[in-house]
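User: Hi! Could you take me through the helix packing and the empty space in this one?

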Amino acid sequence: MIVTITTFHLKRAASLEEMTKVFQGTAPKYQNMAGLLRKNYWMSEDGLRVGGIYLWTSRAHADRAYTPEWKKFVESKYGTPPVIEYLYSPVMVDNREGTISVAAA
């Protein structure tokens, strides 16, 4: 599995209420996206950084999502280009399901 963290450095601090509305507006775009297992939106406590934490079945699926069109769309939403970090997630603990999963090598 692959985790990506996207970060947007905002030009001015945003409120949690403001960003929640923005996030709710974009969330439907990610429903049923191929290879995306989960997306969590996040915001820093000072309101100057926002982004997403994504769990993908593969790097290939993540790469297909972060197209030039996607980058243009999110930059228009947040006023700044995204920084995308890719991370391996070889083991996952899911306390809701009571499971520990090991990703296939």
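**Helices first, then voids**

Analyst: α1 crosses α3 in a right-handed way (near helix turned clockwise from the far one by less than a right angle; helices are DSSP H or I runs of at least four residues, strands E runs of at least two). This is a predicted model, where local features need pLDDT of at least 70 and side-chain atom pairs 80 or more, while totals for chains, interfaces and linings use all residues. Numbering starts from 1 along each chain, and side-chain values use heavy atoms, without hydrogens or water.

User: At what angle do α1 and α3 pack?

Analyst: About 155°, with the axes of α1 (residues 16-26) and α3 12 Å apart. So α1 is roughly antiparallel to α3 (over 145 degrees).

User: And which residues make the contact?

Analyst: Met19, Val22, Phe23 and Thr26 of α1 meet Phe73, Lys77 and Tyr78 of α3 (heavy atoms within 4.5 Å).

User: New topic: what is the volume of the largest cavity?

Analyst: About 50 Å³ for the largest cavity (1 Å grid points where a 1.4 Å probe fits but cannot get out; lining atoms lie within 4 Å of a point).

User: What lines that cavity?

Analyst: Thr6, Phe8, Thr26, Tyr30, Lys39, Tyr41, Gly51, Gly52, Tyr54, Trp70, Val74 and Tyr78. Two or more of these residues come from each of β1 (2-9), β2, β3 and α3 (68-78).

User: How much space is in the largest pocket?

Analyst: The largest pocket holds about 170 Å³ (an open set, with protein on both sides within 12 Å along at least five of seven lines). Its lining includes Val3, Arg38, Tyr54, Met92 and Arg96. β2 (36-43), β3 (49-56) and β5 (91-94) each give two or more residues to this lining.

Notes: Grid points are joined across faces, edges and corners, and a volume is the space filled by probe spheres set on the points. Axes are lines fitted to C-alpha atoms, for helices over the stretch in contact, and angles run from 0 to 180 degrees between N-to-C directions. Angles under 35 degrees count as roughly parallel, over 145 as roughly antiparallel, 65 to 115 as roughly perpendicular and the rest as oblique.
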